[in-house]
Amino acid sequence: METARVLVAADKFKGSLTAVQVAERVTAGLRRIVPEVQVETLPVADGGDGTVAAAVAAGFERREARVTGPRGETVTAAYALRDTTAVVEMAEASGLQHLPAGVFAPLTATTYGSGELLAAALEAGARTIVFGVGGSATTDGGAGMLAALGARFLDADGKPVGPGGGGLAKLAEVDLSGLDPRLADVDLILASDVDNPLTGPKGAPEVYGRQKGATEEDIATLDAVLAHYASILGPDHAKLPGAGAAGGIGYGALVALGARFRPGIEVMLDVLGFAPALARATLVITGEGSLDEQTLHGKAPAGVAAAARAAGLEVVAVCGRLTLPPEALGRAGIRRAYALTELEPDPAVCMAQAGPLLERVAEGIARDFLT
């Protein structure tokens, strides 16, 4: 029998294991049952948090910059660089991870640091920038990002407006003439797993505001100020897919930076070299912490499975918990899913023991598919 060649292309198990650790644990479990199995690992991400780590695991160089965090404090943010291609993750600068536990700033959190991070990538010589957006603490329509890149947002007295979405209530004029000229020569790809518009029932404040600490009153305020902001900067772009990504930073990138939107997992699979890895494989293992309805809408496992199925390969998935029925998995191109909760029903224990449990799950995959 031909030696199996397994490609492990899984996302992180949020709160438990990074994508790199998932790949390591799966590999260890497979080899315990089939020592001679050939395993290639390609940790993946869909544009949200973990995107830079996935690029670094694929051979990009990790770079760091000191930038402005969402509350105005200085934070260290990483991006990834290979030749003239950079992978920039807005959450590194403006993400929820920079807020103290239980502390939110829905009206004042700024994306200024994301603009500084893009500027750092430009300074490093990037000519193609994959801008992964997700996990943001912000709802400012990307105004902070644009300000860091040279735009001016002024009130009726010609003074700069305050930070965050709340500051846009006083916006009277936008001046883009000072934008960094290097942006004109860059291919900026907006990589996101959400295609929401900027405002309205499916807009950034309504759909994502609550997870950033916004009250119902805050959500109404933010929706109104972002509509006002878009009326000045360009209302047509506000309806584009991805405009509502990461508190509207997608809109700022689309309307002022000439960005083009692509589903995050598609972009990342291209950047990480997924197609050649797929050509070497006989079985693909993908996964993420929770395989649920959201997975089917642009998350990493769905993207991996679709590409693998197109190449005629069988796909199995690993996850912490599974809420999808077999029919839904089948439609997504996943033959079978293995959940840690099948071995350990207690979610807290499951998260604490995710590594060893995942190795046991991988042993089961080896028995079912490799022997």
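Axes are lines fitted to C-alpha atoms, for helices over the stretch in contact, and angles run from 0 to 180 degrees between N-to-C directions. Helices (H or I, at least four residues) and strands (E, at least two) are DSSP runs, numbered from the N terminus.

This is a predicted model, in which local features need pLDDT of at least 70 and side-chain atom pairs count only at pLDDT 80 or more, while totals for chains, interfaces and linings use all residues. Residues are numbered from 1 along each chain as its sequence is written, and side-chain values use heavy atoms, with hydrogens and water left out.

**Overall form**

The chain holds 15 helices and 13 strands. Its C-alpha trace spans about 75 × 45 × 35 Å along the principal axes. The radius of gyration (taken over C-alpha atoms; the globule rule is 2.2 Å times the number of residues to the power 0.38) is 21 Å, which agrees with the value near 21 Å for a compact globule of 371 residues. Of the 371 residues, 56% count as buried, where buried means under 20% relative accessible area, exposed over 50%, and partly exposed in between (1.4 Å probe, protein chains only). The accessible surface comes to about 15000 Å², of which 51% belongs to carbon and sulfur atoms; accessible areas come from the Shrake-Rupley method with a 1.4 Å probe, and for residues only the protein chains shown count as cover. Contact means heavy atoms within 4.5 Å. Among contacts between residues at least 6 apart in sequence, 72% join residues at least 24 apart.

**Helices 8, 9 and 10**

Two packed helices are described by the angle between their axes and the distance between the axes. The axes of helix 8 (residues 216-233) and helix 9 (residues 245-256) cross at roughly 5° and come within 12 Å. Helix 8 and helix 9 are therefore roughly parallel to each other, a class that covers angles under 35 degrees, with over 145 counted as roughly antiparallel, 65 to 115 as roughly perpendicular and the rest as oblique. On the side of helix 8 the contact involves Tyr229, Ala230 and Leu233, which meet Tyr251, Gly252 and Val255 in helix 9. These residues divide into five nonpolar, one polar and no charged; Ala, Val, Leu, Ile, Met, Phe, Trp, Tyr, Cys and Pro count as nonpolar, Asp, Glu, Lys and Arg as charged, and the others, Gly among them, as polar.

Helix 10 (residues 264-272) is largely enclosed by the rest of the structure, because seven of its nine residues are buried. Those buried are Gly264, Ile265, Val267, Met268, Leu269, Val271 and Leu272. Just after helix 10, Gly273 takes a positive phi of about 85°.

**Individual residues**

Most residues other than glycine have a negative phi, and most peptide bonds are trans. Asp83, which is not a glycine, has a positive phi of about 55°, and Ala246 likewise has a positive phi, near 50°.

| Residue | Location | Relative accessibility |
|---|---|---|
| Asp83 | loop between strand 4 (74-82) and strand 5 (85-89) | 68%, exposed |
| Ala246 | helix 9 | 9%, buried |
| Leu154 | strand 7 (residues 152-154) | 5%, buried |
| Gly47 | loop between strand 2 (38-41) and helix 2 (51-57) | 0%, buried |

Leaving aside neighbours within four places in sequence, Gly47 is in contact with Gly132, Val133, Gly134, Ala191 and Met268. Met268 is also one of the buried residues of helix 10. With its neighbours within four places likewise set aside, Leu154 is in contact with Lys159, Pro160, Val161, Lys170, Leu171, Ala172 and Glu173.
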